[in-house]
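This report describes the fold, the pockets and several individual residues of the structure shown below.

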Amino acid sequence: MINFAALYTQSQMGIESILEIKVKEAVAELFSTELPQVEFQPTRKDFEGDVTVVVFPMLRYVKGNPAQIGEQIGEYLKEKVDEVSGFNVIKGFLNLVIGNQFYTNQFDEIASSENYGIASKLSNEAVMVEYSSPNTNKPLHLGHVRNNLLGYSVAEILKAAGKKVYKTQIINDRGIHICKSMLAWKRFGNQETPETSGLKGDKLVGNYYVAFDKAYKKQIEDLVTQGVDKKMAEKEAPILLEAQEMLQKWEAGDEEVVSLWKTMNSWVYEGFAETYKNMGVDFDTLYYESDTYLLGKDVVADGLTRGVFFKKEDGSVWIDLTDEGLDEKIVLRSDGTAVYMTQDIGTAIQRVKDYPDVGGMVYTVGNEQDYHFKVLFLILKKLGYSWSSNLFHLSYGMVDLPSGKMKSREGTVVDADDLMNEMAQTAGEIAEELGKLEDYSEEQKLGLYHMIGLGALKYYILKVDPKKRILFNPEESVDFQGNTGPFIQYTYARIQSILRKAEEIGASGEGAAKITDLHPKEKELIKQLMLYPETIQLAAENYSPALIANYTYDLVKEFNSFYQQVSILGESDENQRFFRIQLSRKVGEVIESAFKLLGIGVPDRM
RNA sequence: GGUCGCGUAGCUCAGCUGGAUAGAGCAUCUGCCUUCUAAGCAGACGGUCGAAGGUUCGAAUCCUUCCGCGAUCACCA
């Protein structure tokens, strides 16, 4: 005998597992056949009912008219299952009406659980989520924003689903790109610093990256007019050669170069820190390419002796992945230096050494690197690392402008700081127009505008499936109405307003007696609340914040409809009123919780 | 050219482990603020789900081919 009471506590699945057993029982009794499984779906809004049993798949086992079969099973369920209070059959769909008591019981469970939907215990095995990983020669732009929001949110979602998580990034602090900025600064900078210029450090360094490119292009042009072949000119422009020389000096540990490198990077880090803080993202641990770029060479040497890799005549080391449908891929240059792949192999292994509980990793990197990660994961698998089967490339589509790709060198980028400021400013303009915050201090207002502006931006980016590319048109501002972050924040603020008023009139809703009547909107809201835990799981399995965003939107739409149709504080029946207050409170909590997973804050007023 | 991804309303997107008449938002139009915040609610308009075949009782969803867009195929990262 099944303990139904225990099943009740397991969210939406509870009723379905009961029904599954009972439907099978019905079919066995009525048609003397055993059914391997039963297919359920939520009943469509246009029909009466809560849960629908799809009869069609049963026709393989039970011969007959689907409508009649549905009818017979419906009768049986109504008779034998307390929760089933009614049914109707339309074509091959058996729509079951589930009684109010089931939902009020569910709500009691939800209302009494702290951090509803969020895993209370974390796994022993951890997953490391890498995101951001910028170059240190220029400021962060919209592309980084998508990366940061995705990585941060996925990390939070994994935690909520019960995974221990380390957030990390690998900072690309060395290489030709930073040397270009350094060289240009030396040449044109007049010792300018963030202090003397009043510029944010990353912006200052970025300016010199652009300055380098300008000078470089000019030199190419001059060489071409002197009759030099364009390709040759691109390779031999003096300023580029000088940058390359600088990189060599850096690798050799040249004191002056290293000192300048440290100084300029520190400016950039200060700038980044400010941007991250503004964006509301953080990291548990940092890796720097200057520490890791030599890693991996030993692993390659070891793999060579074990036959995972092979050496070509010129001394370069490769892996043959043709049996996997891929190509040969280089893992060590002929001069023995590391390539990107070498470094990534080494860094992955280093991370597990540093954090022995890491059993998997998520790399938040654009889809232009799909091939690279496919190869990286295969190599780690061939090297025999147990965790190699738990590697995931969180690949996302590029953020393009109407004019095409963003290019830092050409200045066609949407700067992250500017964008966030503009969003906050727009939020402020709308709020001023509405004028609901007269008694807020200037500081409070600015904080709120930032929260709303960022909420709009984050939601706008996160609600889209990561795989899809985003076309961002700076001319058309991000919406603040409809399916947007502010819409959801607004609903939250309304709920808080109700709760404040409830408190004032001494109706916190605590200790309410059980109600038996449910308004259809209340029932829908409870159903929607019941979906939250499985939504988190689904979002974690799919590494998709978009699922959380869509869920929250549906919940909020449902609440607004309820709010419009049903009086909460004005309800005369005390139990009914208390229940509605509790329901509103819980919806607010779930909005807050879900938005936290997206890295979006919620306001008490707006 | 090979490989991978995407293609759904004028625009931005859901739906994709197959199920009922394909859903939202924006835009356009119509109602609703002396009642819990109108950044809201209710409604109208709007679709050959890129195209064609196939599998199935049933396809936006799965398979094949084609078209369009993007990415990638470096001793760059």
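Is Phe-87 buried or exposed? Phe-87 counts as buried, because its relative accessibility is 18%; buried stands for under 20% relative accessible area, exposed for over 50% and partly exposed for values in between, with a 1.4 Å probe and protein chains only.

The model is predicted, so that local features need pLDDT of at least 70 and side-chain atom pairs count only at pLDDT 80 or more, while totals for chains, interfaces and linings use all residues. Residues are numbered from 1 along each chain as its sequence is written, chains are lettered from A and ligands numbered from 1 in the order in which they are written, and side-chain values use heavy atoms, with hydrogens and water left out.

**Overall architecture**

Chain A contains 22 helices and 14 strands, where helices (H or I, at least four residues) and strands (E, at least two) are DSSP runs numbered from the N terminus. Along the principal axes, the C-alpha atoms of chain A fill a box of roughly 90 × 65 × 45 Å. Of the 606 residues in chain A, 53% are buried. Contacts, defined by heavy atoms within 4.5 Å, are counted in chain A at a separation of 6 or more, and residues 24 or more positions apart account for 74% of them. The exposed area of chain A is about 28,900 Å², with 48% supplied by carbon and sulfur atoms; accessible areas come from the Shrake-Rupley method with a 1.4 Å probe, and for residues only the protein chains shown count as cover.

Chain A is divided into domain 1 (4-98), domain 2 (297-335) and domain 3 (416-597), with bounds from an automatic or database domain assignment. The centres of domain 2 and domain 3, taken over C-alpha atoms, are separated by 53 Å.

**Pockets**

Rolling a probe the size of a water molecule over the atoms shows where empty space is left. On a 1 Å grid over the protein atoms alone, a pocket is an open set of points where a 1.4 Å probe fits, with protein on both sides within 12 Å along at least five of seven lines, and lining residues have an atom within 4 Å of a point. Grid points are joined across faces, edges and corners, and a volume is the space filled by probe spheres set on the points.

The largest pocket holds about 1,500 Å³ of space. It is lined by 50 residues, of which Ser-133, Asn-135, Asn-172, Glu-368 and Gln-369 are the closest to its centre. Elements giving two or more residues to this lining include α5 (142-160), α6 (176-188) and β11 (358-366), and α14 provides the largest share, six residues.

The second largest pocket holds about 780 Å³ of space. Among its 28 lining residues, the closest to the centre are Pro-42, Thr-43, Asp-50, Glu-524 and Lys-527. Helix α19 gives the most to this lining, six residues, and domain 1 (4-98) and domain 3 (416-597) each contribute at least three.

The table divides each lining by class: Ala, Val, Leu, Ile, Met, Phe, Trp, Tyr, Cys and Pro count as nonpolar, Asp, Glu, Lys and Arg as charged, and the others, Gly among them, as polar.

| Pocket | Nonpolar | Polar | Charged |
|---|---|---|---|
| Largest pocket | 19 residues | 18 residues | 13 residues |
| Second largest pocket | eight residues | seven residues | 13 residues |

**Individual residues**

Phe-87 lies in strand β3. Beyond its neighbours within four places in sequence, its contacts include Glu-71, Leu-94 and Val-97. The C-alpha atoms of Phe-87 and Arg-577, 490 residues apart along the chain, are separated by 30 Å.

Lys-523 lies in helix α19 and is buried, with a relative accessible area of 13%. Residues up to four places away in sequence aside, Lys-523 touches Asp-50, Val-97, Ile-98, Asn-100, Tyr-103 and Leu-518.

Leu-183 belongs to helix α6 and counts as buried at 5% relative accessibility. With residues up to four places away in sequence not counted, Leu-183 touches Phe-212, Ile-239, Glu-242, Ala-243 and Met-246.

Most residues other than glycine have a negative phi. Lys-91, in the loop between β3 (84-90) and β4 (93-98), has a positive phi near 50° and counts as exposed at 66% relative accessibility. Ser-132, in the loop between β5 (126-130) and α5, has a positive phi of about 75° and counts as buried at 4% relative accessibility.
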